[in-house]
Amino acid sequence: MKRMLFIYNPHAGKELIKPKLSDIIDIFVKSGYEVVAYPTQSYRDAYKKVKKFESGSFDLVVCSGGDGTIDEVVTGMMRRKDRVPVGYIPTGTTNDFANSLHIPKGLLSAADNAVNGTPFPCDVGHFNDDIFVYIAAFGLFTDVSYETKQGMKNVLGHLAYVLEGTKRLFNVPSYRIRVTHDGETLEDEFIFGMVTNSRSVGGFRNMIGKKVVFDDGLFEVTLIKTPKNPIALQEIMAALLIEQVDTKHMYSFRTGKVTFESLEEIPWTLDGEFGGNHDVVTVENLKKELQIMVPTEYVTQLTAEPEQFETEAETEE
């Protein structure tokens, strides 16, 4: 019999998983797995559990929770020499990464995908000495207190704060940063920056661009310049409203490796969790190093140009 480690955050998403727990485990057992279930007890618990389990103990790791849980599980898996596929049952608030991979929203459907889907070789981010699944970001509201329980679990949802008015945005810190990628260097003042591998971020679907693929060894980088006057601010807000890049006020490019250098230490977030304060950051794409379970019928869409499938995807939603 195959063995599975099932790690779940019992408090994620208003404790959505608790009433479905028995049905979820039943799906796993009916698919031929002996299940070891582990509710997380504390911060970084999932990371430690995945990193330290004995080699050969499990054929599959399935996790349920929000961005923090999938981040911990993937980080733990990337620290191992013997990696196994990861299944994901999202119970967070926005679940950008899961939505991008077409992982079902329903808990039981997601559980079925975790055991009966197809392992997809997905890119992962290396951030200095750390790992992230789909986003590393700085600026805007990413430097607020991370002690806030559940309330700050999806930092990029706070991009919406931009739309609340000029006063809030002008109070956001501005950072002068030198950015180096692919032999090119740019230097400017920024209020926000993100390195992503996702087709939507905080509910903004098209700002990153529509040609996002998950196994090409490239990240999408978006940098928002500091607005110098109210007109510039209005134009940035308008671009965010229509979810498009405004080339006059934003830099946008794809790269497999990028370095950020600043005179002061800047707070970063990785998948919505605090990633430390840094004055030098190097982000590198680890191409196809994570095996994640996705619906079999969507595998080709994750590697092909998304425009071919937009009508079908929108109909499904």
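Leu5 stands opposite Val61, a residue of strand β3. That pairing belongs to a predicted model, and it is a good place to enter the structure. Strand β3 covers residues 60-65, and five bridges join it to β1. The two strands run parallel.

Strand β1 has a second partner. This is β2, residues 33-39, and seven bridges join the pair. Here too the strands run parallel. Arg3 stands opposite Glu34 of β2. How enclosed is β1 itself? The strand spans residues 2-8, and five of its seven residues are buried, so the rest of the structure largely encloses it. In a regular strand, side chains alternate between the two faces of the sheet.

Now look at Phe6. Its contacts, leaving aside residues up to four places away in sequence, include Ile17, Leu21, Ile24, Ile25 and Phe28. Phe6 also touches Val35, Val36, Ala37 and Tyr38. Val62, Ser64 and Ile89 are further contacts of Phe6. The largest nonpolar core has 64 residues, and Phe6, Phe28 and Ile89 touch the most other members. Another core lies apart from it, with 21 residues. Among them are Ala136, Val179, Phe190 and Ile266.

Next comes helix α3, residues 67-78. From first C-alpha to last, its 12 residues reach 16 Å, close to the 16 Å expected at 1.5 Å a residue. Is α3 enclosed or open to the outside? All 12 of its 12 residues are buried, so the rest of the structure largely encloses the helix. The buried residues include Asp67, Asp71 and Glu72, along with Ile70, Val73 and Val74. Gly76, Met77 and Met78 are buried as well. An α-helix has 3.6 residues a turn, so residues three or four places apart point the same way.

Aromatic rings come next. The structure holds 11 aromatic pairs. Ring pairs link Phe127, Phe138, Tyr175, Phe260 and Trp268 into a cluster. Rings also lie beneath charges. The charged end of Arg80 sits over the ring of Phe53, 3.7 Å from the ring centre. The charged end of Arg44 sits over the ring of Tyr47, at 4.2 Å from its centre.

Arg44 deserves a second look. It lies in the loop between β2 and α2, the helix of residues 45-52. Its phi is near 70°, a positive value in a residue other than glycine. Is Arg44 buried or partly exposed? Its relative accessibility is 22%, and buried means under 20%, so Arg44 counts as partly exposed.

His102 also has a positive phi, of about 65°, although it is not a glycine. His102 is in the loop between α4 (96-100) and α5 (107-116). At 13% relative accessibility, His102 counts as buried.

The last stop is Thr296. Where does Thr296 lie? Its place is the loop between β13 (273-294) and α8 (299-303). Thr296 is partly exposed, with a relative accessible area of 47%. What does Thr296 touch, beyond residues up to four places away in sequence? Its contacts are Asn116, Gly117 and Thr118. Phe120 is 176 residues from Thr296 along the chain, yet their C-alpha atoms are separated by 9.0 Å.

Definitions and conventions: Residues are numbered from 1 along each chain as its sequence is written. This is a predicted model: local features need pLDDT of at least 70, side-chain atom pairs count only at pLDDT 80 or more; totals for chains, interfaces and linings use all residues. Side-chain values use heavy atoms; hydrogens and water are left out. Helices (H or I, at least four residues) and strands (E, at least two) are DSSP runs, numbered from the N terminus. The expected span of a helix is 1.5 Å times one less than its number of residues. Buried means under 20% relative accessible area, exposed over 50%, partly exposed in between (1.4 Å probe, protein chains only). Two strands pair if DSSP finds at least two bridges between them. Rings of Phe, Tyr and Trp (its six-membered ring) pair if their centres lie within 6.5 Å; planes under 30 degrees apart count as stacked, over 60 as edge-to-face and the rest as tilted. A charge sits over a ring if NZ of Lys or CZ of Arg is within 6 Å of the ring centre and within 35 degrees of the ring normal. A nonpolar core is a set of buried Ala, Val, Leu, Ile, Met, Phe, Trp, Tyr and Cys residues joined through side-chain atoms within 4.5 Å. Contact means heavy atoms within 4.5 Å.
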